[in-house]
Amino acid sequence: MIIAVASGKGGTGKTTVSASLASIWEEPLIAVDLDVEEPNLHLFLTPQIQGRREAHMEVPVADESLCTRCGACSELCQFKAISLLGEVLLAFPEMCHGCGGCLAVCPAGALTPGVRELGEISWGRAGDARFLMGRLRVGEAMSPPLMRQVKDQLNQMLAQTPADVIIDCPPGVSCPAVNSVMDSDLVLLVTEPTPFGFYDFELAWRAFSDLGKPMAAIINRAGVGDRAVYDFCAAQGLPILGEIPFARAAAEAYSKGQVLAQATPELNQAFRAIAGRVRELAAGAAAKEAAHA
Ligand code: SF4
Ligand code: SF4
């Protein structure tokens, strides 16, 4: 089963929940950090990194001496990553999405494949779990191509040894966040019961609802704010799988980079209860999908 831990905004405790669930998960597990723009799951799980590789994307390299200025590449590229301005051929590799279309349509063989570095993928072990993360190169604007390569790596790891997967997703509801929950069996939305938290929680619920994935909520910093998120979940039939109390012990553990589920017996118990409900819900959803297949 694949569990996507997501949130409408950053700072709600998404990584805290991912790390805690990973640290107490009883089945074979791969913990994945898909928040490639700002990965921080490793700060909590402190994995032993066993391998890493650079991730690249294919981009066109133009040979002006062969270019006939036909304009086919410029017309095709919807991202304007290659443009013919008068007689001048301009390539903007940082805007390229790597579709390869311009290379396919160039009649003169003036375009050849080059590479743009996207970032790095690394993997290893964090306790009993396997660990995988992507880190976007500083200055790189597009995270989905790197995320796709992290997912390819994940599929290879799963093919070697099957396991459950917990994904720490990028925050928000933009393309990277949606991309990160696409293959999951269950989306766990982490929020806090404040007006800001609720506003972004509702946005995320609406964005991910369109994907038809089973969803559930986890309330972090329970005890602050108001009841809006609780009322919303009740009205939508969205199960709340657990609450993490707004407590000094939790704040202290977080500030020291500790995994919350390991900080106190009470928090450990709370996360074990959440993990049990997550497993139940995800297994039920996976069984339902298999029955419909
Ligand atoms: S590979 Fe695709 S996105 Fe990149 S420049 Fe060519 S047509 Fe544009
Ligand atoms: S398609 Fe090839 S020949 Fe035509 S403008 Fe582009 S690079 Fe030049």
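Here are legends for a handful of close-up views of this predicted model.

**View 1. The two domains and where they meet.** The domain assignment splits the protein chain into domain 1, covering 2-55 + 120-292, and domain 2, covering 57-117. Their C-alpha centres sit 38 Å apart. Four residues from domain 1 and four residues from domain 2 make up the contact. On the domain 1 side, that patch has two nonpolar, no polar and two charged residues.

**View 2. The open sheet.** Nine strands line up in the order 3-6-7-2-8-1-9-10-11, with mixed pairing, and the sheet is open. Strand 3 and strand 11 (240-245) are at the edges with a single partner strand each, so one side of each has no neighbour in the sheet. Going from one strand to the next, the twist averages 20°.

**View 3. Strand 2 beside strand 7.** Strand 2 (residues 29-33) and strand 7 (residues 129-136) run parallel, joined by four bridges. Look for D33, which stands opposite M133 in strand 7.

**View 4. Helices lying on the sheet.** Helix 5 (residues 144-160) crosses strand 2, strand 3, strand 6 (111-126), strand 7 and strand 8 (164-168), and runs at about 160° to strand 7. Helix 7 (residues 195-209) also packs on the sheet, where it touches strand 1 (2-6), strand 9 (186-191) and strand 10 (215-222). The direction of helix 7 makes about 165° with that of strand 9.

**View 5. A hairpin from strand 4 and strand 5.** Strand 4 (residues 82-85) and strand 5 (residues 88-91) run antiparallel, with four bridges joining them. One pairing to pick out is L84 with its bridge partner L89 in strand 5. Two residues lie between the strands, and G86 in the turn has a positive phi of about 65°.

**View 6. The shell around ligand 1.** Ligand 1 is surrounded by 14 residues, and C77, A81, C96, C99 and C102 are the closest. Strand 3 (48-62) and helix 4 (101-105) each chip in at least two residues of this shell. By class, the shell around ligand 1 has 10 nonpolar, four polar and no charged residues.

**View 7. The shell around ligand 2.** Here 15 residues gather around ligand 2, and C67, C70, A72, C73 and C106 come nearest. The shell around ligand 2 sorts into 12 nonpolar, two polar and one charged.

Conventions: Residues numbered from 1 in each chain as written. Chains lettered and ligands numbered in written order. Predicted model: local features only at pLDDT ≥ 70, side-chain atom pairs only at ≥ 80, totals over all residues. Near = placed C-beta within 6 Å. Nonpolar A, V, L, I, M, F, W, Y, C, P; charged D, E, K, R; others polar. Pairing = 2+ DSSP bridges. Domains from an automatic or database assignment. Contact = placed C-beta atoms within 7 Å. Axes fitted to C-alpha atoms, helices over the stretch in contact; angles between N-to-C directions.
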